[in-house]
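Reader: I'd like a close look at one small part of this model, and then how it fits with what lies around it. Could you walk me through it?

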Amino acid sequence: MIDENLQFALSQYTDGTLAEGERAAVEQLLAHNAEARQTLDEYRRISMLLGASIPPLPSVDWPQLTQRISRAIDRSHSIPGSAAIAAEQAASGTYSMGWGRRPWMFAMAASLLIASGIVWLSRPQTGNVQPTYATANPSVVIEPVRVAQVAEIRVLQGEIATGPAVVEVSVGPSGRVEQASLWQLYPEVAERPAGISIAGGPGLIQRDEPYAAY
Amino acid sequence: MDDVSKHAEARQARDGSANAPAPTDAELVGQVIAGKRDAFDELIRRYQKLAVGVSYRLLGNSQDALEVTQDAFLKAYSSLPTLQQHAAFKGWLMRIVSNLSLNKRRGRRKTSLLPTDDLLTGNDGAGQAGATSGWMAKDPDPGHAMESKELGERLAAALERLPDKQRLALTLFTVQELPQKEVAEILECSVEAVKWHVFQARKKLREMLKEDLLEQ
């Protein structure tokens with residue numbers, strides 16, 4: 001078994017990277033050492049196998065690749081006026097309307113669009129669809145407010161509760177009436193219902209406001 | 001001399017572009033950092049072929065190599081201000097290419113240095129269309145070709161088992177034929193260390209493929 005130093009030298013000899021003196025010494029040794037020759041032969045075959053195991057690169061359109069990379073850089077770094085983007089737009093027949101040069105304008109337009117959507121979605125119901133906030137006591141008024149799924153209950157005159165407080169709340173577009181014996185959950189509603197907000201889905205109380213003094 | 005040639009010559013003389021030396025990497029990097037975006041396109045043109053080649057040698061798939069190359073240039077552009085030695089752009093870029101290739105390789109956990117179908121069309125190597133690998137294409141004997149293909153697969157599997165640095169050193173130096181100095185820059189080590197990595201890789205491959213090599 002030849003030592004590791006000689007194996008290392010043989011590896012460099014395979015690559016032709018040995019200094020002149022070292023190369024001569026290795027060649028002298030190879031002339032008398034069959035094991036060294038065998039090792040060198042196997043190193044060479046490994047190099048040959050490696051070189052042959054991967055075929056040459058398939059043809060690549062290099063100018064197109066340059067343009068593709070350049071465009072990717074322009075996009076990722078927001079360089080809309082670049083030559084690469086202009087070339088792409090010319091090729092695809094699309095033209096900038098100037099928005100790209102003024103991102104703040106685009107952002108403002110997007111914000112306005114979103115705000116319009118919110119206003120439209122939270123607009124009060126009109127026409128035949130009326131919110132069903134009914135109370136048995138005319139002194140109790142439930143005022144719908146312009147926030148989805150929130151109603152504010154105010155008691156105009158103080159009174160002593162004679163039975164369980166029942167509030168009928170219609171929530172959502174289905175108009176389904178949900179009944180809730182609120183006093184069982186919140187006795188304060190019957191005892192001193194000055195103001196309460198009911199928020200959330202059908203039958204679900206998520207939040208109540210601090211009550212005013214009764 | 002015809003009119004067209006005269007005009008071209010006159011234009012070159014006017015522009016001073018006739019014998020203007022190409023800008024160095026360091027100059028181009030400096031221009032990009034100073035805000036001249038187009039200078040980076042020249043760097044792309046200069047090194048895209050090498051980048052694709054290095055990545056392809058490491059991944060064995062041309063599509064992946066093209067993706068890695070694009071990502072590498074993107075990353076290089078973003079990180080250019082951090083490059084302290086502008087003249088070292090080439091080695092630095094190839095280091096990015098190598099690292100991204102290794103990451104992709106780890107990500108897909110697919111071991112194949114053998115060609116994939118996408119390489120079989122539009123090959124630079126004439127007459128290889130229809131062959132299942134470059135290895136087979138170089139061997140006209142069908143029986144020998146089959147053995148060679150199997151050996152190529154075992155070689156690919158053995159390469160996969162090498163530590164990253166050893167595989168990189170061997171592939172970049174032996175297959176991609178980069179000078180050891182450039183391999184050293186990519187691996188961030190000395191030339192002597194590159195020689196050692198190549199030797200260790202070779203030694204391990206020899207042990208793993210001992211029987212195959214003896215049969216040859």
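Author: Start with the side chain of Asn61(B), which reaches the backbone nitrogen of Gln63(B) at 2.9 Å. That side chain also reaches the backbone nitrogen of Asp64(B), again at 2.9 Å. Keep in mind that this is a predicted model, so these are computed distances. As for where we are in the chain, Asn61(B) sits in the loop between α3 (38-59) and α4 (62-79) of chain B. Is Asn61(B) buried or exposed? Its relative accessibility is 13%, and because the cut-off for buried is under 20%, Asn61(B) counts as buried.

Now zoom out to where the two chains meet. On the chain B side, 53 residues are in contact with 39 residues of chain A. Between them the chains bury about 4,600 Å², and carbon and sulfur atoms give 66% of that area. There's polar chemistry too: 12 residue pairs are in polar contact between chain B and chain A, counting pairs with both residues at pLDDT 80 or more. Which elements of chain B do the touching? Those giving two or more residues to the side facing chain A are α3, α4, α6 (134-137), α7 (142-160), α8 (164-175), α10 and α11 (210-215). So both helices that flank the Asn61(B) loop are on that list. The largest share, 10 residues, comes from α3(B).

The salt-bridge rule picks out 5 salt bridges across this interface. One you can look up joins the side chains of Asp15(A) and Arg202(B), N to O at 2.6 Å.

Arg202(B) takes us to helix α10 of chain B, where Arg202(B) is one of the buried residues. Others there include Val194(B), Val198(B), Phe199(B), Ala201(B) and Leu205(B), along with charged-type names such as Lys195(B), Lys203(B) and Arg206(B). How does the length of α10 check out? The helix covers residues 191-208, and at 1.5 Å a residue its 18 residues should span 26 Å; the end C-alpha atoms are 26 Å apart, so the two agree.

Finally, the partner. Chain A has 8 helices and 5 strands, and along the sequence they run α-α-α-α-α-α-β-β-β-β-α-α-β. Of the 214 residues in chain A, 30% are buried. Chain A exposes about 13,700 Å², with carbon and sulfur atoms supplying 58% of it. Among contacts in chain A with a separation of 6 or more, 35% are between residues 24 or more positions apart.

Key:
Residues numbered from 1 in each chain as written. Chains lettered and ligands numbered in written order. Predicted model: local features only at pLDDT ≥ 70, side-chain atom pairs only at ≥ 80, totals over all residues. Heavy atoms only, no water. Helix = DSSP H or I, 4+ residues; strand = E, 2+ residues; numbered from the N terminus. Expected span 1.5 Å × (residues − 1). Buried < 20%, exposed > 50% of the residue type's maximum accessible area, 1.4 Å probe, protein only. Polar contact = N/O pair within 3.5 Å; in protein donor to acceptor, adjacent residues only side chain to side chain. Contact = heavy atoms within 4.5 Å. Areas by Shrake-Rupley, 256 points an atom, 1.4 Å probe, with all protein chains shown as cover. Buried area = accessible area lost by both parts, 1.4 Å probe. Salt bridge = Lys/Arg side-chain N within 4 Å of Asp/Glu carboxyl O.
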